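Student: I should like to learn how to read the strands and aromatic contacts of a structure. Could we work through an example together?

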Amino acid sequence: MRNTSLRSLAFALCAVLMATRIFANSSTPFEGHVQVPIKASQVQGAPKTNSIQASINGHFLAVVFTENLGQVSVEVATTAGASVQCLSVLTPNGLQVYIPNAGDYIITFTLSNGDVYYGEFEVM
């Protein structure tokens, strides 16, 4: 039990450090990485847009949660509405999604309290 907690803490720390390095003072922090702006869609409380960091590099979408938002449902879909990936993640862990086809996409984050955030991006 304790070993799992230490692993989770270590992973969360690494995710936060990675987010800090990637997104510090730049909209394109590394060659090829493009930040995906996160917007609020349906929010009941204080907005958490700054707590969700996303970037696209080629066909790889990386997401880092910089604070504990609880269980978050994540869906990546084409702008036409075809689902590419649906998953649930326990924050503050991050995730990576491979998107096989070029095109325009939307990533939607639904928090356990019902708040919804999204970001639009293009895969080239």
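Tutor: Two strands pair if DSSP finds at least two bridges between them. Strands (E, at least two residues) are themselves DSSP runs, numbered from the N terminus. Strands of a sheet pair through backbone hydrogen bonds, either parallel or antiparallel. Here, phenylalanine 109 stands opposite tyrosine 117 in E9. Eight bridges join E8 to strand E9 (residues 116–123), and the two run antiparallel.

Student: On what basis should these values be read?

Tutor: This is a predicted model, in which local features need pLDDT of at least 70 and side-chain atom pairs count only at pLDDT 80 or more, while totals for chains, interfaces and linings use all residues. Residues are numbered from 1 along each chain as its sequence is written, and side-chain values use heavy atoms, with hydrogens and water left out.

Student: Which residue takes a positive phi in the hairpin of E8 and E9?

Tutor: Glycine 114 does, with a phi near 100 degrees; the hairpin has four residues between the strands. E8 also pairs with strand E5 (residues 71–78), in the antiparallel sense over seven bridges. In that pairing, threonine 78 stands opposite tyrosine 105 in E8.

Student: In what order do the four strands of the open sheet lie?

Tutor: The order is E1-E3-E4-E7, with antiparallel pairing. Strand E1 (34–36) and strand E7 (95–98) each have a single partner strand, so one side of each is left without a neighbour in the sheet. E4 and E7 pair over four bridges, and phenylalanine 60 stands opposite tyrosine 98 in E7.

Student: How is an aromatic pair recognised?

Tutor: Rings of Phe, Tyr and Trp (its six-membered ring) pair if their centres lie within 6.5 Å; planes under 30 degrees apart count as stacked, over 60 as edge-to-face and the rest as tilted. A search of the whole structure finds three such pairs. One of them joins phenylalanine 65 and phenylalanine 109 edge-to-face, at 5.9 Å centre to centre and 90 degrees between the planes. This pair links distant parts of the chain, 44 residues apart: phenylalanine 65 lies in strand E4 (residues 60–65) and phenylalanine 109 in strand E8 (residues 103–111).

Student: Are these two phenylalanines buried or exposed?

Tutor: Buried means under 20% relative accessible area, exposed over 50%, and partly exposed in between (1.4 Å probe, protein chains only). Phenylalanine 65 and phenylalanine 109 are both buried. Threonine 91, in the loop between strand E6 (83–90) and E7, counts as buried because its relative accessibility is 6%.
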